[in-house]
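The following exercises invite the reader to study a structure step by step. Each task is followed by a worked solution.

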Amino acid sequence: MSHVIAIANQKGGVGKTTTVVNFAAMLASKKKTVLVIDLDPQANATSGLGVEPKDGISLYPALMGTKAIDEVILGTVIENVNIIPSEVNLAGAEIEIARMENHLQGLTRILDPIKEAKIFDYIIVDCPPSLGILMSNALAAADSVIIPMQCEYYAMEGLSVITQLIERLRNSGANTRLTLEGILMTMYNKTRLADEVITQVREHYADAVYETVIPRSVRAGEAPSYGLPVVVYAPSSTVAVGYSEFAKEFLKRQKAKETIANASDAPLENSIAPTIA
Ligand SMILES: Nc1ncnc2c1ncn2[C@@H]1O[C@H](COP(=O)(O)OP(=O)(O)O)[C@@H](O)[C@H]1O
Ligand SMILES: [Mg+2]
């Protein structure tokens, strides 16, 4: 099964899309196959991976049942990274989707066969900056959520909004698998305030906060105009190194989780028992 990760934060400009395109590119460089789903009508992840948004090629026709899912999956500038692009129409789609039966499960329904076919190791969803129907669809379909967060003062309040939403989805039965994958601090500048914010977030969310902190760099802003992730556009920039470290940390944590899961699945006789002389 593919692992579906939503990159979400209801605030705009916190580094969601930058995280999506660079995380996807770094996973691909480590021989993982990735499908990015761009759920933001602004289509920044689409153009950021070198794909031009086109009317009729997005999740929208797939959700409405007028196109099959494989008709809207395209290649990107990165080998092993595919994308379901976004288009402007996706903004209007929220209203139409709202009229559908089980409208929060639309993405889940579409993704199920793709997940089972195991074509992609990871499916990464770039969420729009609002708590609307598209983001709810993403959270209903996801196995886990990564929350990018800017190192600024009011960020903490926003964080509790989304962590409570995750909890609500889990407790209501809408998505009982959903977990908080982690919190990624982004756009870090060495200032006392930024350090205080990081300390405070770690106090509240402990290990959920990645050790890797993504530094602020003008290179991050330049890369999208070339249709490239910054890890490809300027691989030695501080921000690219940050995303590379982040992908490593993510995979290391994944491995640790698998080890724990496998150990608890193992039959008792395989566990190391003390030998009695
Ligand atoms: N580490 C960074 N350093 C500097 N600028 C960044 C960094 N990450 C993102 N940006 C810029 O900040 C803006 C918002 O980032 P973006 O990833 O689009 O956020 P979101 O998807 O949450 O709205 C973009 O112009 C992006 O290029
Ligand atoms: Mg975005």
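**Exercise 1. Identify the residues that touch the most other members of the largest nonpolar core, and state which helix contributes the largest share.**

Solution. The model is a predicted one. Its largest nonpolar core holds 54 residues, of which I37, L39, L159, I183, M185 and V201 touch the most other members. The helix with the largest share of this core is α7 (residues 155-171), which supplies 7 residues. A second core of 35 residues is separate from it and includes A25, A45, I83 and Y122. As a general background, nonpolar side chains tend to be buried together in soluble globular proteins.

To continue, take M185 as an example. Setting aside residues up to four places away in sequence, M185 touches M149, Q150, C151, V197, I198, V201, V209, V213 and I214.

**Exercise 2. Determine where the buried residues of helix α5 lie around its axis, and what they pack against.**

Solution. Begin with the list: in α5, which spans residues 106-117, the buried residues are G106, L107, T108, I110, L111, I114 and K115. Viewed down the axis of α5, these buried residues fall within an arc of 160°, so they line one face of the helix. The spacing can be understood from a general rule: an α-helix has 3.6 residues a turn, so residues three or four places apart point the same way.

Next, consider the face turned away from the buried side of α5, which carries the exposed residues P113 and E116. The packing partners of the buried residues are β1 (3-7), β2 (34-38), α3 (59-64), β5 (122-126) and α6 (133-141). Finally, just after α5, K118 adopts a positive phi of about 55°.

**Exercise 3. Establish whether N22 is buried or exposed, and list its contacts beyond four places in sequence.**

Solution. First locate N22, which belongs to helix α1 (residues 16-29). Its relative accessible area is 1%. Because the limit for a buried residue is under 20%, N22 counts as buried. Leaving out neighbours within four places in sequence, N22 is in contact with P229, V230, V231 and Y243.

**Exercise 4. Describe the surroundings of ligand 1 and its polar contacts with G13, K16 and T18.**

Solution. Ligand 1 is surrounded by 15 residues, the closest being G13, K16, T17, T18 and P215. Proceed through the contacts in turn:

- A polar backbone atom of G13 is 2.7 Å from an oxygen atom of ligand 1.
- An N or O atom in the side chain of K16 is 2.9 Å from an oxygen atom of ligand 1.
- A polar side-chain atom of T18 is 2.5 Å from an oxygen atom of ligand 1.

As a last step, consider coverage: on its own, ligand 1 has 560 Å² of accessible area, and the protein covers 77% of it.

Definitions and conventions: Residues numbered from 1 in each chain as written. Chains lettered and ligands numbered in written order. Predicted model: local features only at pLDDT ≥ 70, side-chain atom pairs only at ≥ 80, totals over all residues. Heavy atoms only, no water. Buried < 20%, exposed > 50% of the residue type's maximum accessible area, 1.4 Å probe, protein only. Helix = DSSP H or I, 4+ residues; strand = E, 2+ residues; numbered from the N terminus. Arc of directions from axis to C-beta. Contact = heavy atoms within 4.5 Å. Near = heavy atom within 4 Å. Polar contact = N/O pair within 3.5 Å; in protein donor to acceptor, adjacent residues only side chain to side chain. Areas by Shrake-Rupley, 256 points an atom, 1.4 Å probe, with all protein chains shown as cover. Core = buried A, V, L, I, M, F, W, Y, C linked by side-chain atoms within 4.5 Å.
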